[in-house]
Amino acid sequence: MGVFDDLVGQEQAAIVLKQAASAAAETLTGGRGTGMTHAWLFTGPPGSGRSAAAKAFAAALLCPTQGCGHCDSCHQVEVGSHPDLESVRPQGLSYSVKQTRELILRAAGRATLGGWRIVLFEDADRATEQAANALLKAIEEPPPRTVWLLCAPAADDMIVTIRSRCRVITLRTPSTQAVAHVLKTRDNIPPGIADSAARASQGHLSRARRLALDEQVRHRRDAVLAIPRSLTGVAECITAAERLVKTADEDAAAATAELNETEVNELRALYGEGSSGKGLNKGLIRGGAGALKELENAQKSRATRIKRESLDLALLDLMALYRDVLAVQFGAQIELANEDRRADLDHLARTGTPEDTLRRVDAILLCRERLAANVNPQIAVEAMTLSLRNPRG
């Protein structure tokens, strides 16, 4: 199975990338290839597989047979150990100019195995303005045989001078049927669970996998979807908001606690904590105080990002629920993401009008905007739940 076979529902993009990998191989061997585009921008909605497509393309460029999927090179790309692939994913809310300049320096080296030197930059839209300008200079004048693969939700998320220098690969949301097929055939998930997870994820393959394989994730989603029917009074709205924010805090703590401790211990060891010798330990720890503070700030930023992503996922589930409610109210014959909660959908449709449903959708969108603008999460979510309140039960 080749590396492009994993691109669910992205057949057209796979064809383009295969052709590009073949042309790149001709360039290396001195053939008649038209030359290798040195900067690529992979765009598409969440769940479309931007990073997967970029990684598959990197594997194809580094593989002797353009992405066979089973050679040592393809395996190294898959596990992240290939010496000619620099893979970066911002851990915090943004990617600084300092980090970008360090990345550019690492990318400037020659390819170890004599082929391409590749930088895969996930979530490139998180680069700050200064970082984006530094990145632009690297893309404008790349070292020989260096290829930049950038990933972002949309081309407009990158500054115009960067996107104008990139070849854009636009991915689409995979169909429910395609996602369900992958869950059944590659993950051996029972058909009923696979179909339900595929519908609920709305084409997001990794989310569908988590829903299908992790019962706790399913319970968490069920708790979120039960919120609308519970919002019959102000007290219930405040309680629901507190629950959502607390759950997001717990997600962030669970995802970062062990990693934070490991990073701090490694940094302290690097700066000599525990070393023997008179004055040695004290001097080195003092020298590392700034680095330790910088690490703590980065860890806080990472925790904030995870908390925000957890909340946003809950909001997207609520959006999907009200979208289904609106479909029921208008009698639209479309696939419902929450078909398994048909009783709730019918109840919400009966006790409100389409105008009510649209106002609630607007409230969720406004909450997402406020969270992105760093409004206090408790305040933003409380305002949303109050707007979702249904006095008629």
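These are my notebook entries on a predicted model.

**Entry 1. The sheet**

I began with the strands. I found an open sheet of five strands in the order E2-E3-E4-E1-E5, paired in parallel. Strand E2 (85-88) and strand E5 (167-170) are at the edges; each has a single partner strand, so one side of each lacks a neighbour in the sheet. From one strand to the next, the twist averages 15°.

I then looked up one pairing in detail. E3 and E4 are joined in the parallel sense over five bridges, and Arg-117 stands opposite Thr-146 in E4.

**Entry 2. Helices on the sheet**

I asked which strands H2 touches. H2 packs on the sheet with contacts to E1, E2, E3 and E4, and its direction makes about 165° with that of E4. I noted also that helix H5 (residues 129-140) lies across E1, E3 and E4 and runs at about 140° to E4.

**Entry 3. The nonpolar cores**

I listed the largest nonpolar core, which has 36 residues. The members that touch the most others are Phe-4, Trp-40, Phe-42, Phe-57, Ile-118 and Leu-149. At least two residues each are supplied by helix H1 (11-28), strand E1 (39-43), helix H2 (50-62), helix H3 (72-79), strand E3 (117-121) and strand E4 (146-152). H2 gives the largest share, nine residues.

A second core, separate from this one, has 23 residues, among them Ala-240, Ala-241, Val-381 and Met-384.

I returned to Phe-57 for its contacts. Residues up to four places away in sequence set aside, Phe-57 touches Phe-4, Leu-17, Ala-20, Ala-21, Met-36, Trp-40, Phe-42 and Leu-149.

**Entry 4. Aromatic rings**

I searched the whole structure for aromatic pairs and recorded three. One aromatic cluster is formed by Trp-40, Phe-42 and Phe-57.

**Entry 5. Leu-85**

I examined Leu-85, which lies in strand E2. Is Leu-85 buried or exposed? Its relative accessible area is 11%, under the 20% limit, so I entered Leu-85 as buried. Apart from neighbours within four places in sequence, Leu-85 is in contact with Ala-58, Leu-62, Val-77, Ile-118 and Leu-120. I also took the separation of Leu-85 from Asp-317: the two are 232 residues apart along the chain, and their C-alpha atoms are separated by 35 Å.

**Entry 6. Cysteines**

I looked for disulfides and the count came to zero. Why is Cys-151 not bonded to Cys-166? The sulfur of Cys-166 is the closest cysteine sulfur to that of Cys-151, but at 11 Å it is too far for a bond. Cys-151 is buried, at 1% relative accessibility.

I checked Cys-367 as well. Cys-367 is in no disulfide, and the nearest cysteine sulfur, in Cys-237, is 13 Å away. Cys-367 has a relative accessible area of 1% and is buried.

**Entry 7. Positive phi**

I turned to backbone angles. Most residues other than glycine have a negative phi. Two exceptions went into the notebook. Gln-66, not a glycine, has a positive phi of about 60°. Gln-66 lies in the loop between H2 and H3 and is partly exposed, with a relative accessible area of 27%.

Asn-374, also not a glycine, has a positive phi of about 70°. I located Asn-374 in the loop between helix H16 (354-372) and helix H17 (377-388). At 55% relative accessibility, Asn-374 counts as exposed.

Note on methods
Residues are numbered from 1 along each chain as its sequence is written. This is a predicted model: local features need pLDDT of at least 70, side-chain atom pairs count only at pLDDT 80 or more; totals for chains, interfaces and linings use all residues. Side-chain values use heavy atoms; hydrogens and water are left out. Rings of Phe, Tyr and Trp (its six-membered ring) pair if their centres lie within 6.5 Å; planes under 30 degrees apart count as stacked, over 60 as edge-to-face and the rest as tilted. A nonpolar core is a set of buried Ala, Val, Leu, Ile, Met, Phe, Trp, Tyr and Cys residues joined through side-chain atoms within 4.5 Å. Buried means under 20% relative accessible area, exposed over 50%, partly exposed in between (1.4 Å probe, protein chains only). Helices (H or I, at least four residues) and strands (E, at least two) are DSSP runs, numbered from the N terminus. Contact means heavy atoms within 4.5 Å. Two strands pair if DSSP finds at least two bridges between them. Axes are lines fitted to C-alpha atoms, for helices over the stretch in contact, and angles run from 0 to 180 degrees between N-to-C directions. A disulfide is a pair of cysteine sulfur atoms within 2.5 Å.
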